[in-house]
Amino acid sequence: MFEFVRKHTRIMQVILFLLIFPSFVVVGINGYNRLQERGEAVARVDGRDIMQAEWDNAHRSEVDRLRQQMPNLDAKLLDSPEARYATLERMVRDRVLDAAAHDENLSASDQRVASEIQQNLQWLKGPDGRLDIAKYRQFLQTQGMTPEMFEGQVRADLSSRQVLAGLGNSVFAPRAIANAALGPFYERREIQVAMFPSGEYEPKVAVSDADIEAFYKANPQLFQAPEQANIEYLVLDLDSVKKSIAVNEQDVKSYYEQNQARYGTKEERRASHILIDVPKNASPADKEKAKARAEELLAEVKKDPASFAELAKKYSKDPVSAARGGDLDYFTRGAMVKSFEDAVFAMKPGDIRLVESEFGYHVIRLADVKPGTTKTFDEVKPQIEDELKKQQAQRKFAEAADTFTNTVYEQADSLKPAADKLKLDIQTAQNVQREPAAGAKGPLANPKFLAALFSPDATQKKRNTEAVETGPNQMVSGRVVQYMPARTRPLAEVKDDVRKRLVARKAAELAKKEGQDKLAAWKSAPATAVLPAAIVISREDTAKQPRQVADAALRTDPTKLPAFTGVDLGEGGYAVVRVNKVIARPAPPPDAAKQEEAQYARAWATAENLAYYDVLKDRYKVQINVAKPAPLPQPAGQ
């Protein structure tokens with residue numbers, strides 16, 4: 001189904017991020033910083049402002065959520081200006097849909113809200129399949145929310161969804177329409193390609209020193225040395241706060257005694273059972289009949305314990321364990337229904353007994369017991385000390401962050417006061433540039449911190465940067481020690497590079513000229529064309545041809561085949577393409593055809609939703625006060 005998705009994983013990574021953040025666009029770093037400094041409204045919807053602080057808090061929450069869900073997600077994606085702007089667009093979208101839901105009197109019932117919470121918080125359910133209220137409240141506390149706040153958010157979200165739900169449900173794509181749209185996408189074409197690679201023409205190019213000097217003067221932007229800075233910087237994070245914390249042994253011992261269950265394994269028991277099930281609506285007579293049958297099996301098993309597995313396979317109504325002779329493998333307390341569990345944990349290995357549960361009657365045999373274990377205090381002491389330090393560091397971090405922020409601002413001529421006050425190490429880095437270097441990690445990979453380093457205050461006045469949040473519980477401030485502005489490198493330094501660029505450009509011109517000459521000749525006399533063997537290409541499979549060649553071939557008018565077309569490959573040279581014929585796509589199997597119809601309908605519904613959302617943006621007078629961003633560049637080779 002849509003093989004394109006499988007073959008173009010890089011594009012799909014970008015699309016996946018688009019799904020995480022509804023839109024993915026680039027905002028100017030300087031423009032963003034100016035808005036942050038003034039603390040002004042960054043957007044306005046239906047007469048209501050979205051303030052800078054709201055944007056920051058929303059993005060911080062979004063980053064925390066995504067890091068919990070996807071620990072391996074590249075942190076640079078989350079901390080980038082692109083991601084921040086995407087969060088703002090999501091906030092605007094939420095405000096627009098909320099306003100529309102309110103105006104259209106859309107709401108969600110208490111029952112619908114409860115169902116949504118049950119469905120989305122599966123991990124908080126208890127053994128009975130219902131939401132564990134204690135765990136639910138504890139989870140919300142970690143998010144800084146009350147149940148009422150959370151349920152209000154869910155209700156608002158459900159109401160907003162109804163604004164666009166009708167459009168999605170109204171789209172229907174018959175096979176004929178889906179074919180008309182998808183047929184050209186899957187269409188294949190037979191082509192022949194004559195390549196004129198520029199590399200083959202380089203030996204024919206001769207350049208003089210005068211040519212080199214002229215090219216250098218005409219293209220100074222190609223030979224720029226980027227601005228650079230030698231810097232020193234401070235990092236305040238949980239680890240640095242932990243270094244200043246000491247815990248006494250009595251606190252460690254008390255923590256161990258109160259949490260011994262965490263430092264060991266629970267007792268496990270292995271049991272087998274034969275289930276004689278009793279439907280919930282069974283009559284008293286049926287229950288007695290089931291009990292009598294279970295007692296018969298109990299007597300039979302006690303008489304011959306070795307027959308247990310065979311009897312379980314034959315009579316047990318638990319299809320999973322019956323196939324294994326009734327074996328339930330090892331389990332701990334909390335894994336089974338209470339009556340069954342109480343019986344198992346009261347038995348001794350080899351015991352056999354009958355127990356009733358909500359599922360019916362169980363003939364149980366206990367096979368083995370693995371006692372629980374507890375690590376000694378000395379074994380876990382380092383772990384507890386580290387945990388206590390981490391807990392205290394988390395509590396102290398906010399206070400340390402205030403001190404850090406104020407000190408680097410108030411004593412802006414040096415990082416030493418902040419370093420001394422918080423016992424931080426001043427770190428250094430050489431030749432830092434405005435864009436993160438390949439393989440950079442930590443603060444030096446953070447665009448916001450780099451933008452602060454190259455602000456006029458830092459480069460010209462040599463002041464400390466503001467305290468920049470570069471991750472959860474991590475703040476950084478830097479100082480430029482030496483600034484080297486961008487400059488054009490002297491010709492003597494770049495002469496070889498100039499020569500290579502000039503030769504490559506002239507070779508590409510020669511390749512293009514010969515390719516265009518051949519194209520004209522072959523168009524006027526097709527029989528004289530000397531071309532390689534034909535190949536078949538499609539949008540999914542370009543047969544290793546450059547994307548420009550495939551695009552040109554697929555754009556050629558199918559009513560005028562065979563036809564020649566030329567393709568300028570830039571510095572790569574030139575290509576002449578002969579498109580011989582169109583090869584229709586084979587009819588997909590019925591199941592695949594149905595999936596395509598559904599996928600086409602979903603794509604059409606998405607387009608309808610986007611169009612309607614644009615109407616709503618106009619209705620509610622959406623203003624985004626951040627400079628209009630440019631789209632992300634498409635990954636190379638796609």
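Glu232 stands opposite Thr428 in E13, where strands (E, at least two residues) and helices (H or I, at least four) are DSSP runs numbered from the N terminus. That pair belongs to an antiparallel match between E6 and strand E13 (residues 427–432), held by 4 bridges; two strands pair if DSSP finds at least two bridges between them. This is a predicted model, so local features need pLDDT of at least 70 and side-chain atom pairs count only at pLDDT 80 or more, while totals for chains, interfaces and linings use all residues. Residues are numbered from 1 along each chain as its sequence is written, and side-chain values use heavy atoms, with hydrogens and water left out.

E6 has another antiparallel partner in strand E15 (residues 474–484), joined to E6 by 10 bridges. Tyr233 has Gly478 as its bridge partner in E15. Because 9 of the 10 residues of E6 are buried, E6 is largely enclosed by the rest of the structure. Here buried means under 20% relative accessible area, exposed over 50%, and partly exposed in between, using a 1.4 Å probe and protein chains only.

E6 also feeds into the largest nonpolar core, which has 27 residues. A nonpolar core is a set of buried Ala, Val, Leu, Ile, Met, Phe, Trp, Tyr and Cys residues joined through side-chain atoms within 4.5 Å. Leu234, Leu236, Val241, Ile384, Phe397 and Phe404 are the residues with the most contacts inside this core. Strand E6 (228–237), helix H12 (238–242), helix H13 (249–258), helix H18 (377–410) and helix H19 (416–422) each supply at least two residues, and H18 gives the most, with 10. Contact means heavy atoms within 4.5 Å. Leaving aside neighbours within four places in sequence, Leu236 is in contact with Val241, Phe397, Ala400, Ala401, Phe404, Leu422, Leu424, Asn473, Gln474 and Met475. Apart from this core lies another, of 21 residues, among them Ala194, Phe196, Phe215 and Ala511.

Next up is an open sheet of 4 strands, in the order E17-E4-E19-E18 with antiparallel pairing. Strand E17 (535–538) and strand E18 (563–568) are the edges, each pairing on one side only. On average, neighbouring strands of this sheet are turned by 40 degrees against each other, direction ignored. Strand E4 (residues 188–197) and strand E19 (residues 573–583) pair over 10 bridges in the antiparallel sense, and Val193 sits opposite Val577 in E19.

Two helices lie across this sheet. Helix H22 (residues 491–524) crosses E4, E18 and E19, running at about 35 degrees to E19. Helix H23 (residues 547–555) lies across E4, E17, E18 and E19, at about 135 degrees to E4. For these angles, axes are lines fitted to C-alpha atoms, for helices over the stretch in contact, and values run from 0 to 180 degrees between N-to-C directions.

Val576 gives a residue-level view of strand E19. Val576 counts as buried because its relative accessibility is 0%. Beyond four places in sequence, its contacts are Gln192, Val193, Ala194, Phe196, Gly515, Leu519, Trp522, Phe564 and Thr565. Val576 and Trp522 are 54 residues apart in sequence, with 9.5 Å between their C-alpha atoms.

Elsewhere, helix H6 (residues 81–103) has 23 residues and reaches 33 Å from its first C-alpha to its last, close to the 33 Å expected at 1.5 Å a residue; the expected span is 1.5 Å times one less than the number of residues. Since 17 of those 23 residues are buried, H6 is largely enclosed by the rest of the structure. Just after H6, Asn105 takes a positive phi of about 55 degrees.

A positive phi of about 55 degrees also turns up at Asp46, in the turn of the hairpin that E2 and E3 form with 2 residues between them. Strand E2 (residues 41–45) and strand E3 (residues 48–51) pair antiparallel over 4 bridges, and Val45 stands opposite Arg48.

Pro349 sits in the loop between helix H17 (338–344) and strand E10 (352–357). With a relative accessible area of 52%, Pro349 is exposed. Not counting residues up to four places away in sequence, Pro349 touches Leu366, Ala367 and Val369.

As for the whole protein, the secondary structure comes to 24 helices and 21 strands, and buried residues make up 38% of the 638 residues.
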